[in-house]
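Here are my comments on the model you sent round. Please read them with the structure open.

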Amino acid sequence: MFGLAKTQMVSPEKALPGRDEPIPVPPRHDVLDAPLAPPYPDGVEIAEFALGCFWGAERKFWQTPGVVSTAVGYEGGYTPNPTYEEVCSGLTGHTETVRVVYDPSRVTFTDLLRVFWEAHDPTQGMRQGNDVGTQYRSAIFHRDDAQREAAEASRDAYQNVLTSAGYGPITTQITGAGDFYFAEDYHQQYLSDNKNPNGYCGIAGTGLSCPVGVAPAE
């Protein structure tokens with residue numbers, strides 16, 4: 001069953017049981033040389049996005065000025081501390097997620113929303129391009145009311161652009177952040193120069209600009 005594309009969300013009672021122990025991750029970011037897991041530097045904030053295969057999605061964010069650290073993991077489902085194979089089975093309910101740790105004096109949450117919307121096609125439901133399954137669904141996991149309101153406003157603004165260009169409705173899930181489970185070591189910064197700079201990247205945007213925010217500070 002592992003690796004099969006699953007496009008229907010699993011119910012809590014049918015989800016895999018997972019485990020108590022978290023997946024170990026390296027202490028430092030391979031590109032930004034910052035903490036991969038808490039504690040993070042003072043003054044930073046956290047945002048969490050799902051936009052398809054997390055390898056390419058993470059690279060989009062670590063390349064954004066003002067981002068202090070990034071990590072890939074699993075969120076939005078039921079199984080505690082899942083493995084990659086379990087998530088790919090469709091039996092955890094999680095989606096591949098990028099945690100973005102950022103300096104709000106250099107880049108705002110709205111700026112990150114622009115990166116999110118423009119980096120993928122948010123109208124595809126339980127898939128992103130050729131990657132099919134619930135683990136590839138689009139999602140924004142807000143951590144407070146301000147993030148929720150900004151996410152909803154940006155969704156509505158981008159929907160107008162997409163509709164004018166002939167796209168269907170946005171299927172992005174906007175929901176409160178739950179537990180973020182770090183993915184295995186080999187997934188972290190997978191597309192860095194030290195690992196797989198020419199590796200697979202399954203995300204692709206629509207080519208349409210999202211009319212929110214301003215350009216991140218240099």
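The points below cover confidence, one helix and one arginine.

1. This is a predicted model, in which local features need pLDDT of at least 70, side-chain atom pairs count only at pLDDT 80 or more, and totals for chains, interfaces and linings use all residues. Residues are numbered from 1 along each chain as its sequence is written, and side-chain values use heavy atoms, with hydrogens and water left out.

2. Mean pLDDT (the predictor's confidence in each residue, from 0 to 100) is 94 for the chain, and 95% of the residues score at least 70. Residues 1-5 stay under 50, with 11 contacts (heavy atoms within 4.5 Å) beyond four places in sequence. Residues 214-218 are also below 50, and this stretch has 13 contacts beyond near neighbours in sequence.

3. Helix α4 (a DSSP run of H or I, at least four residues; strands are E, at least two; both numbered from the N terminus) covers residues 145-164. From first C-alpha to last, α4 reaches 29 Å, close to the 28 Å expected at 1.5 Å a residue, where the expected span is 1.5 Å times one less than the number of residues.

4. Which residues of α4 are buried? They are Q147, A150, A151, S154, A157, Y158, Q159 and L162, buried being under 20% relative accessible area, exposed over 50% and partly exposed in between (1.4 Å probe, protein chains only). They pack against β1, β3, α3, β6 and β7.

5. At the start of α4, a side-chain oxygen of D144 comes to within 3.2 Å of the backbone nitrogen of A146. Just after α4, G166 has a positive phi of about 95 degrees.

6. R28, in the segment before β1, is partly exposed at 40% relative accessible area. Its side chain reaches the backbone oxygen of D33 at 2.4 Å.

Note on methods
Polar contact = N/O pair within 3.5 Å; in protein donor to acceptor, adjacent residues only side chain to side chain.
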